[in-house]
Every structure is written in C-alpha cells, then in structure tokens.
2 protein chains.
Amino acid sequence: MATRDDVLAAAQRHLNVDARASMADLAGAAGISRATLHRHFATREDLLHELGTRSLDRWAASLVAADAPGAAASGDAVRIRACLDDLVARYLADSDDFGFALTDPYLLSAPDLVERSDALVEREVALYVAAQAAGVLRADLPPRWISHALYGLLVAARDALLGGDLPRRDLDALVLSTFLTGAQR
Amino acid sequence: MATRDDVLAAAQRHLNVDARASMADLAGAAGISRATLHRHFATREDLLHELGTRSLDRWAASLVAADAPGAAASGDAVRIRACLDDLVARYLADSDDFGFALTDPYLLSAPDLVERSDALVEREVALYVAAQAAGVLRADLPPRWISHALYGLLVAARDALLGGDLPRRDLDALVLSTFLTGAQR
DNA sequence: TGGGTATGAGACACAACTGTCTCACATGAG
DNA sequence: CTCATGTGAGACAGTTGTGTCTCATACCCA
C-alpha cells in the first residue's frame with residue numbers, strides 16, 4: 001500500500017519529466033487510482049502545494065546543512081568558500097528531486113510559497129554579502145543577482161541533464177566552476 | 001483596428017507576465033474580443049506556435065546579426081570575443097520580448113519547435129567550439145554546457161527583472177560578466 | 001472465519017476553457 | 001448614402017480535467 005510519501009515521491013518524479021501532468025497522470029505514475037490519489041490530496045493544489053513546501057524545506061535545510069548562517073557570521077574567507085562549494089552541491093542534489101519546482105508556473109505564483117521563497121533568498125543573500133566582504137565573491141555584483149545567477153545555472157543543469165547533454169556526475173563541478181569563474185579562459 | 005502583429009505583440013507582452021493566460025486573457029490584453037482573437041488564430045496552439053516560431057526567428061537572427069558563423073569560421077580570438085559580447089546583448093534584448101518562451105511548457109514540448117531549437121543550439125555550439133579553440137572560452141567545459149549555462153543566465157536575468165531586483169540597464173553587463181568570469185573575486 | 005480498512009473502477013456533476021457561430025453595429029471607402 | 005468589411009457581444013456545444021461519490025473487492029489483523 002502506497003503511503004502519502006510514496007505518492008508524493010512518484011508525483012515529484014513524474015512532474016520532473018512532465019510539468020503539466022494531470023491528476024490522472026500522477027495517479028498512474030504512483031500506481032494508484034485517481035480516487036485514491038484524491039483521498040491523499042483533496043485537490044491538485046494541495047498536492048502541488050505540499051511538494052512546493054517540501055522543496056522549500058529542502059532549500060532551507062541545505063542552507064542550514066551547509067551552515068550558511070555560520071559561515072556568513074564568521075566572515076572567514078576559507079569557510080565561506082567551503083560553504084559555497086557545499087551549497088552548490090546540495091542545491092544540485094535538491095534539484096534532482098525538485099527540479100520541476102524551479103520553473104513551475106503554479107508554485108511561482110502561489111503567494112505563501114513565494115513569500116517563503118523570498119525569505120530564503122534573503123538568507124542566501126546574507127551569505128553572498130559576507131562572501132563579498134570577505135573577498136570571496138566579487139563585490140561589484142548585486143548579491144541578489146548572484147542568487148538569481150546561481151538559480152539560473154541550476155535550471156541550466158536540470159535541462160542539460162534532462163536533454164541528455166551531460167552526465168549527472170559532471171554537474172557539480174561544472175555548475176560550481178561556471179558559477180565561480182565563468183566560461184572565459 | 002488591431003493587426004495580426006499587434007495582437008501577437010500584446011499576447012507576447014501578457015504572456016511574459018502571466019504564462020498561463022487563457023485566450024480570453026490574451027484577447028483582453030490585446031483590447032479585442034475573444035471572437036476576433038479566434039479570427040486571427042484558430043486555436044491557442046496556433047497562437048503559441050506562431051510566437052514560438054518568432055522567438056526562434058529572433059534567436060536565429062541574433063546569431064546572424066552577431067555574425068556567429070563568421071566569427072567561428074575566422075578563428076580570430078578578438079572577433080570571437082566581440083561576437084560573444086554582441087550575442088549576449090542581443091539575447092537579452094530578445095528575452096525582453098520573448099522571455100516567457102524560455103520556460104513555457106508548451107513551447108518546450110512542441111516537437112517541431114524543439115527540433116528547430118536544437119538546430120540553433122548546434123550553430124551556437126559551433127561558436128563555442130571555435131571560441132575554445134581560439135582560447136577565448138575555457139576548453140574544459142563541454143560546449144553544450146556553455147550553451148545551457150548562458151540560457152540559464154537569461155532565465156535568471158528575466159526573473160531578476162520581473163522581480164524588480166535589477167534595473168534593465170544593468171543586465172547586459174551583469175550577464176556578460178557573470179557568464180565570462182563568474183562570481184568569484 | 002469475520003470484520004474493518006484501503007483500494008480500484010467507474011459514474012457523476014461541475015468548472016474552466018476552447019472553438020464555432022450568429023447577429024447587430026460601427027466605420028470607412030466609393 | 002450605401003455597401004462591404006471587420007468587430008463585439010453573446011450563445012452554444014464540445015473537451016478536458018477536477019472533485020465527489022458509490023460499490024464491489026482485496027487484504028490484513030484479530
């Protein structure tokens with residue numbers, strides 16, 4: 001018998017492949033009937049919202065696991081740099097599971113999710129500000145842009161993976177290296 | 001009286017704000033009735049497809065305007081570098097108009113558009129390969145990844161602009177600089 | 001074995017959107 | 001003025017997906 005978590009996981013996986021999947025599609029992906037899916041999640045919005053919340057949970061957890069607040073507060077360049085490396089790898093792992101959430105139109109328009117997302121950006125930006133102060137990141141880039149840029153590279157990585165252009169194992173190094181030093185020789 | 005092009009332009013503008021707009025929404029945005037919109041475009045797919053085609057036209061035109069094939073063939077580092085600068089600025093201008101097309105689920109799943117898009121990526125990749133050979137871009141990055149990365153930065157720029165985090169005038173420099181040299185100090 | 005629980009299949013009403021059609025009206029050209 | 005053309009308003013049917021409900025059944029546990 002499929003648990004609520006099993007269903008969420010299946011929906012997640014399927015949405016990463018087909019962002020416009022219907023409830024019938026998601027039920028099929030979970031190997032259950034549509035009726036049973038509705039027993040778990042009354043509405044499609046409920047399901048999406050739950051996935052959105054979990055994706056934000058993961059984002060928040062990654063910030064904590066990489067100790068972004070600690071690194072930012074320390075002001076230590078080496079520590080901040082290690083934190084950035086760690087963060088990129090964690091974000092990539094998160095987007096393996098929640099990649100669809102990066103660009104899902106519903107999630108991007110749900111007010112409470114957007115609000116929480118903004119709050120997380122704020123915490124991430126604090127790290128970038130500290131990184132700039134410590135000389136780890138360029139001080140001439142708006143920290144919010146740095147956040148957007150890393151987000152964009154995650155979208156790029158997701159699409160490269162989906163398009164079969166790159167093996168997963170290369171992504172960590174590519175994203176980090178592109179993020180930090182760009183594409184120029 | 002609104003021409004077909006006026007209608008397309010209005011739809012484009014509105015889709016950049018609300019990617020899930022209905023035909024009624026788009027008619028309203030164009031200041032015409034839904035019936036008239038259907039006189040211009042029999043189906044929603046027709047409209048989307050036309051916009052998708054035009055966005056690919058613009059992409060192709062930008063590659064030509066920046067003389068990517070010429071620069072690639074020349075093998076001249078200075079010329080290739082200038083071409084890249086030009087290309088980034090043009091892509092950003094294109095995404096002012098066609099930003100929604102970057103992540104629109106329908107456009108990304110329409111087989112003929114995807115096919116044409118792949119062909120354009122191919123031509124873009126040729127430029128990156130030449131840039132790597134000329135020592136302009138890092139040779140250790142897969143050229144396809146470079147293409148994805150720039151695409152990701154365009155998404156980032158669009159979102160930063162939409163979120164009001166950055167003024168339009170700063171985008172060219174930020175995207176180019178981040179693309180080329182990254183965020184690291 | 002019997003009873004409670006979860007499920008699948010399917011019917012059903014409903015909502016939103018789509019695409020078509022008609023008709024009345026405005027406007028501009030001749 | 002008159003006619004042709006384009007338009008808006010609205011009715012209409014069709015489609016798709018949603019959410020609810022019922023009922024038979026399978027399964028697990030006592």
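Helices (H or I, at least four residues) and strands (E, at least two) are DSSP runs, numbered from the N terminus. With that in hand, H3 of chain A together with H3 of chain B each supply at least two residues of the surface near DNA strand C, where "near" means that a heavy atom of the residue lies within 4 Å of the strand. The model is a predicted one, in which local features need pLDDT of at least 70 and side-chain atom pairs count only at pLDDT 80 or more, while totals for chains, interfaces and linings use all residues. Residues are numbered from 1 along each chain as its sequence is written, chains are lettered from A and ligands numbered from 1 in the order in which they are written, and side-chain values use heavy atoms, with hydrogens and water left out.

Let's stay with DNA strand C. It is surrounded by 18 residues, and the closest are A:Ser33, A:Thr36, B:Arg34, B:Thr43 and B:Arg44. Several polar contacts turn up here (a polar contact is a pair of N or O atoms within 3.5 Å; within protein, one must be able to donate a hydrogen and the other to accept it, and residues adjacent in sequence count only if both atoms are side-chain atoms). The side chain of A:Thr36 puts an N or O atom 2.5 Å from a phosphate oxygen of DNA strand C. B:Met23 uses a backbone N or O atom instead, 3.0 Å from a phosphate oxygen. B:Arg34, for its part, has a side-chain N or O atom 2.9 Å from a base oxygen of the strand.

DNA strand D also has 18 residues around it, with A:Arg34, A:Thr43, A:Arg44, B:Met1 and B:Thr36 coming nearest. A base oxygen of this strand sits 2.9 Å from a polar side-chain atom of A:Arg34. Phosphate oxygens of DNA strand D are met by backbone atoms: one is 2.9 Å from a polar backbone atom of A:Arg44, and one is 3.0 Å from a backbone N or O atom of B:Ser33. Helix H3 (34–40) of chain A and helix H3 (34–40) of chain B are the elements that give two or more residues to this surface. Of the strand D atoms within 4 Å of the protein, 51% belong to sugar or phosphate and the rest to bases.

Now for the two chains. The contact (heavy atoms within 4.5 Å) takes 37 residues from chain B and 37 residues from chain A. Between them, the chains bury about 3,500 Å², 63% of it on carbon and sulfur atoms; buried area is the accessible area (1.4 Å probe) that two parts lose on being put together, summed over both. There are 2 salt bridges between chain B and chain A, a salt bridge being a side-chain nitrogen of Lys or Arg within 4 Å of a carboxyl oxygen of Asp or Glu. One of them joins the side chains of B:Asp165 and A:Arg144 (3.8 Å, N to O). On the side of chain B that touches chain A, helix H8 (143–162) and helix H9 (168–181) of chain B each supply at least two residues, and H8(B) gives the most, with 12 residues.

Chain A itself splits into domain 1 (1–42) and domain 2 (52–181), with bounds from an automatic or database domain assignment. The C-alpha centres of these domains of chain A lie 28 Å apart. Their contact takes 6 residues from domain 1 and 8 residues from domain 2. The side chains of A:Asp5 and A:Arg54 meet in a salt bridge (3.1 Å, N to O).
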